[in-house]
Amino acid sequence: MDARRRRPPTAPVFTSLTPNTGTGASRTFTAVYTDANGYTDVNTVLFLMNSSLVGPNGCYISYVRGSNQFALYRDSDATWQPIAPGAPTSVSNSNCTLSGSGLAATGAGNTMTLTFPLTFTSAFGGIKTFYTYVNDNSGLNSDWATAGSWTR
């Protein structure tokens, strides 16, 4: 066997969410993802907070590493509202607000960390589950994973 033989590619994975459970109207969350090919191999991360694994009527966030751009899905017109890390503004839908202040994406080695401050509307009450998904530049993905729960 040739010692220089390449290992098969591996999909990026969700590693942790802090906090991964709790209650409250607002909180800053930190999600960590790992890619064996390095954090720059991560393409897109999706993060959903809802009572089931559906984007509409939830707090649905995307992050595209190549453009360093977050976005929040708005149900009223089915559009993604972009926001840059550190922006002095925020974006909202009928369930939550994503603030640019405190919004961050960092990477080192095989690890990428996303930090996102969220405020939940009173209408978005009850227990919600966190779901997350990550894919890489080769199209490999983690599939959706349950990351925790939150009560507003």
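This is a short tour of a predicted model, one selection at a time.

**Stop 1: the disulfide**

Start by selecting Cys 59 and Cys 96, which are joined by a disulfide with an S to S distance of 2.1 Å. A disulfide is a covalent bond between the sulfur atoms of two cysteines. The structure holds one disulfide, so once you have found this pair there is no other to look for. Cys 59 sits in strand E4 and Cys 96 in strand E8, so the bond links distant parts of the chain, 37 residues apart. Color the two cysteines and look at their surroundings: both are buried. Now turn the view to look along the S-S bond of Cys 59 and Cys 96. The torsion there is about 90 degrees, so the disulfide is right-handed.

**Stop 2: the largest nonpolar core**

Next, select Ile 61, Leu 98, Phe 116 and Leu 118. Among the 29 residues of the largest nonpolar core, these four touch the most other members. Many strands contribute to this core: E2 (26-34), E3, E4 (59-64), E5 (69-74), E8 (96-99), E10 (111-120), E11 and E12 (145-151) each supply at least two residues. Which strand gives the largest share of the core? The answer is E10, with five residues.

Keep Leu 98 selected and show what surrounds it. Setting aside residues up to four places away in sequence, Leu 98 touches Ile 61, Phe 70, Leu 72, Ile 83, Ser 90, Val 91, Leu 103, Phe 116, Pro 117 and Leu 118.

There is also a second, separate core of six residues. To find it, select Leu 46, Leu 48, Tyr 131 and Tyr 133, which are included in it.

**Stop 3: Thr 132**

Move on to Thr 132, in strand E11 (residues 127-136). Is Thr 132 buried or exposed? Thr 132 is buried, with a relative accessible area of 0%. Show its side chain and look for two partners. One is the side chain of Tyr 33, joined to that of Thr 132 by a polar contact of 2.6 Å. The other is the backbone oxygen of Leu 46, which the Thr 132 side chain reaches at 2.9 Å. Beyond its neighbors up to four places away in sequence, Thr 132 touches several residues, including Phe 14, Val 45, Phe 47, Trp 144 and Ala 147.

Asp 143 is also among the residues that Thr 132 touches, and it deserves a click of its own. Asp 143 is in the loop between E11 and E12. Its phi is near 65 degrees, a positive value in a residue other than glycine.

**Stop 4: Val 42**

Now select Val 42 in strand E3 (residues 42-50). Val 42 is buried, with a relative accessible area of 2%. Its contacts, leaving out residues up to four places away in sequence, are Asp 35, Arg 65, Met 112, Val 134, Asn 135, Asp 136 and Asn 137. If you would like to try the distance tool, go from the C-alpha atom of Val 42 to that of Ala 31: these atoms are separated by 14 Å, and the residues are 11 apart along the chain.

**Stop 5: Asn 93 and the salt bridge**

Select Asn 93 in the loop between strand E7 (90-92) and E8. Although it is in a loop, Asn 93 counts as buried because its relative accessible area of 10% is under the 20% cut-off. What does the side chain of Asn 93 reach at 2.8 Å? It is the backbone oxygen of Tyr 73. A polar atom of the same side chain lies 2.7 Å from the backbone nitrogen of Asn 95.

Asn 93 also touches Cys 59, from the first stop, and Arg 74. Select Arg 74 next. It forms a salt bridge with Asp 77, where the closest N and O atoms are 2.8 Å apart. A search of the whole structure finds one salt bridge. Arg 74 is partly exposed at 27% relative accessibility, and Asp 77 is partly exposed at 38%.

**Stop 6: two backbone details**

Finish in the loops. Pro 19 is found between strand E1 (13-18) and E2, and a cis peptide bond with omega of about -15 degrees joins Thr 18 to Pro 19. Then go to Asn 57, in the loop between E3 and E4. Asn 57 has a positive phi of about 65 degrees although it is not a glycine, and it is exposed, with a relative accessible area of 54%.

Terms used: Residues numbered from 1 in each chain as written. Predicted model: local features only at pLDDT ≥ 70, side-chain atom pairs only at ≥ 80, totals over all residues. Heavy atoms only, no water. Helix = DSSP H or I, 4+ residues; strand = E, 2+ residues; numbered from the N terminus. Buried < 20%, exposed > 50% of the residue type's maximum accessible area, 1.4 Å probe, protein only. Polar contact = N/O pair within 3.5 Å; in protein donor to acceptor, adjacent residues only side chain to side chain. Contact = heavy atoms within 4.5 Å. Core = buried A, V, L, I, M, F, W, Y, C linked by side-chain atoms within 4.5 Å. Salt bridge = Lys/Arg side-chain N within 4 Å of Asp/Glu carboxyl O. Disulfide = S-S within 2.5 Å.
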